[in-house]
Amino acid sequence: MIDVCDLREKAIKILDTNWTGLYTQPAYGLYPHQWSWDSAFIAMANAHINPDRAITELRSLFKGQWENGMVPHIVYHRRHDTYFPGPEFWRTDRSPYAPRDPETSGICQPPVHASAVLHIIRNLDSGEKARTFARMMYPRLVAWHNYLYRERDPDAEGLVHIVHPWESGQDNSPIWDSVLSGITVDPETLPPYQRKDTQFVAPEDRPEATDYDRYVYLVQLFYENHYDMKKINDVCPFQIQDVLFNALLIRAEMDLAEIAVYLKKSPTMFESRAKWTGLRMNEKLWDAKHGIYFDFDRVNQKVIDCHVAAGFSPLYAGVPDRDQALRMMDYLNSFAFCPVGEECYAVPSYDRRAPGYSPRKYWRGPIWMNINWILYRGTRLYGFDEYARWIRQSMLELTSRHGFYEYYDPDKGGGHGTPNFSWTAALVLDLIDEEETCRD
Ligand code: 9WN
């Protein structure tokens, strides 16, 4: 039996320890700065227990928002020498849009922020506080989503693209392999750099040196092109219409529409964009044969036939119809992704039968709590209640048995990567507070 209230206390303790006064570190040491989608997930949990902190978290993140609307993937409020790349590496002063204070990275991460803001508004007791917060965030969120549709969808297709694996939040996912392997990098021409991540966690679990060379190569390409997306869209070899990124955008557009209504503004633009992106996703990214959505490589004009758990994320955005959702469940609830009642633990990030599946290697197999939280919400939305209860229960069991790790082994269940990882604690806390009454 899980002591849910004890688990909740432990999750709160982690969020307290990682809180800096301005934002929550994803993890002490390994990830000391403010990360974009981490902050949104963390703010969702703080909405239940400490809404003022949730508001400060998002306000701090949006201090780093660029004038063109982009929300950067890292905001560097302070200097820390435990993480590469630091602020200087990005040379964002070459962009006319980047803020000088705080310093930031030059790329973005999935747009979960409108969803976090709506979550906070719903959880705030005082109507006045909620309205003030909504009024502050609304124009910022509009600018952020407009940036994505303007700069990341140059052919007005309704699907936005990412230009760096870090933008996906799933850094070394096998989705990127085919594209990255086509990028030849001469290490001699790269700016010198030194990784710091492998000082904190097992090097064999982290991305390879060749992955990092390509990450660095792309950053160099961006600053050499002054972060001008028009130029980058012409020259960048990595341009991918990613399923997870677009699914989260659709959900965020629907949530922004609700925020607009709450503020007595028109929701029409957000609603119609959400619908449009959903339609395009069904036309272009749906794979009826397997019952999953695939990413699309814009440069080589190719579907990326890679079976990752994020391929089921359109459930969270209400994109598939009933028949598609049933097809997806046949695949999701099978050996490949750990079916209900089998000897495995929650949904792995990659099909367990796929070549290169690894239960330990970062985004190439391990269980991540944010993906499971997204699939929990998605399957619940479609009324797959038994399945949704199973994911929820697995998330609680894994964390109560092993602690709040960055990711977990789907076959053996142990925790890996960094311990005391904030979004793991946050999303488990969100699940608990949505249902249980542990409050003192
Ligand atoms: C690069 C902070 C971030 C998460 C990403 C996760 C990892 C960074 C890294 O950590 O990425 O952004 O250095 O590995 O992949 O999803 O936001 O927790």
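Which residue has a polar backbone atom 2.6 Å from an oxygen atom of the ligand? Let's find out together, bearing in mind that this is a predicted model.

**Stop 1: the ligand.** Select the ligand and zoom in. The answer to our opening question is G169: one of its polar backbone atoms is 2.6 Å from a ligand oxygen. Now show the side chain of D171, where an N or O atom is 2.8 Å from an oxygen atom of the ligand. Next comes W35, whose side chain has an N or O atom 3.0 Å from a ligand oxygen. The protein covers 100% of the 410 Å² of accessible area that the ligand has on its own.

**Stop 2: the shell around the ligand.** Widen your selection to the 16 residues that surround the ligand; D38, Y83, G169, D171 and Y362 are the closest. Try colouring this shell by residue type: 10 of its residues are nonpolar, three are polar and three are charged. The space that the ligand takes up is the largest cavity.

**Stop 3: the largest pocket.** Now move on to the largest pocket, which holds about 360 Å³ of space. Select H119, R122, R251, Y316 and R377, the residues nearest its centre among the 16 that line it. Then show helix 2 (36-49), helix 5 (113-123), helix 11 (243-262), helix 14 (369-381) and helix 16 (422-435), each of which gives two or more residues to the lining.

Which helix gives the largest share of this lining? Highlight helix 5, which provides five residues. To finish, colour the pocket lining by type: you should find seven charged residues, five nonpolar and four polar.

How values were computed:
Residues numbered from 1 in each chain as written. Predicted model: local features only at pLDDT ≥ 70, side-chain atom pairs only at ≥ 80, totals over all residues. Heavy atoms only, no water. Near = heavy atom within 4 Å. Polar contact = N/O pair within 3.5 Å; in protein donor to acceptor, adjacent residues only side chain to side chain. Areas by Shrake-Rupley, 256 points an atom, 1.4 Å probe, with all protein chains shown as cover. 1 Å grid on protein atoms, 1.4 Å probe; cavity = no way out; pocket = protein on both sides within 12 Å on 5 of 7 lines; lining within 4 Å. Sits in = over half its atoms within 2 Å of the grid points. Nonpolar A, V, L, I, M, F, W, Y, C, P; charged D, E, K, R; others polar. Points joined across faces, edges and corners; volume = space filled by probe spheres on them. Helix = DSSP H or I, 4+ residues; strand = E, 2+ residues; numbered from the N terminus.
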